[in-house]
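Biologist: I should be grateful for a close look at a single part of this model, namely the pairing of its strands. Please begin with one particular pair of residues and then set the pairing in its wider context.

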Amino acid sequence: MNTPRGHRHHLLLDDRRLSYIDFGPAAGQPLLALHGHFSEGRSFAALAAELAPQWRVIAPDQRGSGESGRAPDYSREGYVTDALALLDHLGLPSAVVLGHSMGGKNAYHLAARHPERVRALINVDDPVVITDTGPSGISFCLDWPRQAPTREALLDGLGEAAPMVAPWLRQQDDGSWRLPFVPEDVIASDLGVRGDHWPVWLGSDCPALLVHGRTSFLLTPELAREMAGRRPHTRRVELDAGHFIPTEDPEGLVGAVREFLDMLHTLG
């Protein structure tokens, strides 16, 4: 599968850098792609390759991830503000917005708060209700090494988490390697997705696609069916995967997204 690198750009938001990759082509219809925790914009390279040239995938490193700067907060308001700023910066009145996991929640919050900016919505395995209490379920990342003299040493320190984080590790000017995020920031963001988001999910009526994994630990098939059933104009596709659909079943995801986008094209 051809995976283009795209072109990386930056914009400043109150002296904080927001980095994004524009996979192009410029003439393609815009699709804003929002990653989940422990990931970044580059994770959508394969999807962008499969959707081009009809679609122009634009994938930011959301606040605190990848090449983007740390933020004072990791609230839904903050993430939505960043997405709007990026659309404004690119001169895009609206776009299809796709998000995986935490990115999916940001996508449907954007659609509910600014429906005129979201032509259609694609939620990849993000539930509308997270009832967890107590410490974050990903607090294990606090024990990860933040940096190491070599990439191999950092991967060794990450243990079982190495395959998930390995693609995004960054080399520093002195040759050492570091994580592409600060674990405390990821924890703050994770705690912010908790609660009941039903009113927000139901707060927009643009065409929507809900893609979920049959064995996902986060979004059960029962809840996915309810989410699709209660929201108008919403299609549901269940894949034989877990929560990390973009890496567990990339071909299935591409197929579901392409079919949905083709349907949008016929609607005009």
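Modeller: Gln147 has Arg178 as its bridge partner, and Arg178 belongs to strand β10. The model in which this pair is found is a predicted one. The pair belongs to the contact between β8 and β10 (residues 177-178), two strands that run antiparallel and are joined by two bridges. These strands are part of an open sheet of three, in the order β8-β10-β9, with antiparallel pairing. Its edges are formed by β8 (147-148) and β9 (170-171), each of which pairs on one side only.

A second set of pairings involves β1, β2 and β4. Strand β1 (residues 7-13) is joined to β2 by seven bridges, and the pairing is antiparallel. One of the partnerships here is that of His7 with Asp22 in β2. On β4, Asp22 stands opposite Ile58. Asp22 is thus matched with His7 as well as with Ile58. The contact between β2 and β4 (residues 55-60) is again antiparallel, with three bridges. As for burial, strand β2 (residues 16-22) is mostly covered, six of its seven residues being buried. In a regular strand, side chains alternate between the two faces of the sheet.

The turn between β1 and β2 merits separate attention. These two strands form a hairpin with two residues between them, and Asp14 in this turn has a positive phi of about 55°. Asp15 is also located in the loop between β1 and β2. The phi of Asp15 is positive too, near 70°, although the residue is not a glycine. With a relative accessible area of 76%, Asp15 lies over the 50% limit and therefore counts as exposed.

Phe38 offers a useful counterpart. The phi of Phe38 is likewise near 70°, a positive value in a residue other than glycine, and Phe38 lies in the loop between β3 and α1. The relative accessible area of Phe38 is 7%, under the 20% limit, so Phe38 is buried.

Two cis peptide bonds are found in loops that adjoin these strands. One joins Gly24 and Pro25, with omega about 0°; Pro25 lies in the loop between β2 and β3 (29-34). Another runs from Ala52 to Pro53, with omega near 5°, and Pro53 belongs to the loop between α1 (45-51) and β4.

For the wider context, a helix may be set beside the strands. Helix α6 (residues 183-192) contains Ser189, which counts as buried because its relative accessibility is 1%. Setting aside residues up to four places away in sequence, Ser189 touches His37, Tyr74, Arg76, Tyr79 and Met102. The buried residues of α6 are Pro183, Asp185, Val186, Ile187, Ser189 and Asp190. Their cover includes helices α2 (76-89) and α3 (102-113).

The strands described above belong to a protein with ten helices and 13 strands. The protein has 268 residues and a radius of gyration of 18 Å, which agrees with the value near 18 Å expected of a compact globule. Buried residues make up 55% of the chain. Of the contacts with a separation of 6 or more, 73% are between residues 24 or more positions apart. The accessible surface comes to about 11800 Å², of which 52% belongs to carbon and sulfur atoms.

Notes
Residues numbered from 1 in each chain as written. Predicted model: local features only at pLDDT ≥ 70, side-chain atom pairs only at ≥ 80, totals over all residues. Heavy atoms only, no water. Pairing = 2+ DSSP bridges. Helix = DSSP H or I, 4+ residues; strand = E, 2+ residues; numbered from the N terminus. Rg over C-alpha atoms; globule rule 2.2 N^0.38 Å. Buried < 20%, exposed > 50% of the residue type's maximum accessible area, 1.4 Å probe, protein only. Contact = heavy atoms within 4.5 Å. Areas by Shrake-Rupley, 256 points an atom, 1.4 Å probe, with all protein chains shown as cover.
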